[in-house]
Amino acid sequence: MKFIIGVSGGIAIYKVVDLVRKFKKRGDEVRVVMTESATRFVTAELFREISLEPVMINVFDNEEVASHIKWAKWCDAMIIAPATANVIGKLTAGIADDALTTVAIAMTKPLIIAPAMNEAMYRSAAVTSNLVTLKNRGVKIIQPSTGELACGGEGVGRLPEPEEIVKHVDDILNVQKTLQGCKIIVTAGGTREAIDPVRYIGNRSSGKMGHAIAKVAAERGAEVILVTTSSLETPPSVKVVPVESAAEMRQVVLSEYNTASAVIMAAAVADYRVAEPSKQKIKKSDDTLTLELVKNPDILLELGQNKRQQILIGFAAETQLVVENAISKLKKKNLDMIVANDVTAAGAGFGVDTNIVTLITSNGATEFPIMSKIEVANIILDNLKNFLNK
Ligand code: CTP
């Protein structure tokens, strides 16, 4: 997932350094926005080094136009930790006079705050009432823990430990590691079959569907190997193996297959390749040019023939008789599920961010309305989880 961590100035900042590390370590992307007072405790450089992303302190220092809006759009959630009495007050009043509060006010995704301060401040009428207001507006609050306080004495107001914050955030965002311990191979994009060193035979697949599946599977805790022809962005926890041709894709998939829990073949694999690709660039000569094509191996068919523990999920990109054609592929390739779509329908198929799919198993077909490829990925992985539990 992508998080913005808003850091305000409190002694508990040292825990936030570890919090950023914990998110990064499990593959989340993190950007930090700091208040001026936070920079008195920790330098921006430290957060930059561990997040490997830019750190924002002042909206005007950033060369990007409207960077606060872009950051708010970029993330899946914002976490303010520690949230001081001052920041809580500003959020309640809608004051946006620095980078942190400006990004927070532009947030349309979940906003999570972890208040941390002296007990008397935390229990003050102002902070209590502000927290109630924020909660009623939908802001999620991670309660401070009780214990030794920096100002001396015991009491409530401590920032919870980083692993507790991670757990609260996952619970709030309902991120469940339902695929922990599973190794999932995902293929994506259209294969490219060389004609000569310059040209290839390709297809319109962008790789967006396969990359969405890889992202969601990684978020659910799976070990993901993404065998792809596409250069779309992927979360750092996904192992990406770039390939070009069907032959290369086959080789990588087979080399990982024995220990895999599941294979999801979202790639559009070319059925034919050029029999003898030219070693040199083909020069223009006659009015016509004939290429001889030979059949490519059917990767999924081969996986189906050698299936043991693996759950196999295929895709069927069709232009007619969608469900009938998909059912015959499900049977022929020995699959557990096939995801069928009519690539000629508006909002489905190649290059777009949405898809319209029918999921087919031996129990029948379920049609879904138009939805984002991320939502389709969620549904496919819910089904995969059920297969793995059987
Ligand atoms: N597939 C594969 N290897 C191939 C061709 C397809 O692994 N050489 C996989 C695709 O990744 C997809 C499924 O098989 O998950 C169905 O692909 P599709 O192209 O729809 O079916 P084909 O079997 O190639 O049949 P046709 O092209 O005739 O519709």
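Reader: Which residue in β8 is the bridge partner of Ser145?
Author: In this predicted model, Arg158 of β8 is the bridge partner of Ser145.

Reader: What makes β7 and β8 a pair, and in which sense do they run?
Author: Two strands pair if at least two bridges are found between them. Strand β7 (residues 145-148) and strand β8 (residues 154-158) have four bridges, in the antiparallel sense. That meets the cut-off, so the two count as paired.

Reader: And which residue in the hairpin of β7 and β8 takes a positive phi?
Author: That is Gly152, with phi near 105°. The hairpin has five residues between its strands.

Reader: How do you know that β1 and β2 pair, and is the sense parallel or antiparallel?
Author: The same rule of at least two bridges applies. Strand β1 (residues 2-7) and strand β2 (residues 29-34) share six bridges, so the rule is met, and the sense is parallel. In β2, Met34 is the bridge partner of Val7.

Reader: What is the order of the strands in the open sheet of six?
Author: The order is β3-β2-β1-β4-β5-β6, and the pairing is parallel.

Reader: Why is one side of β3 and of β6 left without a neighbour in the sheet?
Author: Both stand at the edges: β3 (55-56) and β6 (140-141) each have a single partner strand, so one side of each stays without a neighbour in the sheet.

Reader: Happy with that! Now the ligand: where does it sit?
Author: The ligand sits in the largest pocket. To count as sitting there, more than half of its atoms must lie within 2 Å of the pocket's grid points.

Reader: Which elements give two or more residues to the shell around the ligand?
Author: They are α11 (299-305) and β17 (311-318). The largest share, four residues, comes from β17.

Reader: How many residues surround the ligand, and which are the closest?
Author: There are 14, and the closest are Met265, Ala267, Asp271, Lys329 and Lys333. By class, the shell has nine nonpolar, one polar and four charged residues.

Reader: What makes the approach of Lys329 to an oxygen atom of the ligand a polar contact?
Author: The cut-off is 3.5 Å between N or O atoms. A polar side-chain atom of Lys329 lies 2.7 Å from a ligand oxygen, so the pair qualifies. For Asp271 the distance to a ligand oxygen is 2.8 Å, which is also within the cut-off. Asp298 has a polar side-chain atom 3.4 Å from a ligand nitrogen, so this pair qualifies as well.

Reader: How much of the ligand's accessible area does the protein cover?
Author: The protein covers 78% of the 570 Å² that the ligand has on its own.

How values were computed:
Residues are numbered from 1 along each chain as its sequence is written. This is a predicted model: local features need pLDDT of at least 70, side-chain atom pairs count only at pLDDT 80 or more; totals for chains, interfaces and linings use all residues. Side-chain values use heavy atoms; hydrogens and water are left out. A residue is near a molecule or strand if one of its heavy atoms lies within 4 Å of it. A polar contact is a pair of N or O atoms within 3.5 Å; within protein, one must be able to donate a hydrogen and the other to accept it, and residues adjacent in sequence count only if both atoms are side-chain atoms. Accessible areas come from the Shrake-Rupley method with a 1.4 Å probe; for residues, only the protein chains shown count as cover. On a 1 Å grid over the protein atoms alone, a cavity is a set of points where a 1.4 Å probe fits but cannot get out, and a pocket is an open set with protein on both sides within 12 Å along at least five of seven lines; lining residues have an atom within 4 Å of a point. Ala, Val, Leu, Ile, Met, Phe, Trp, Tyr, Cys and Pro count as nonpolar, Asp, Glu, Lys and Arg as charged, and the others, Gly among them, as polar.
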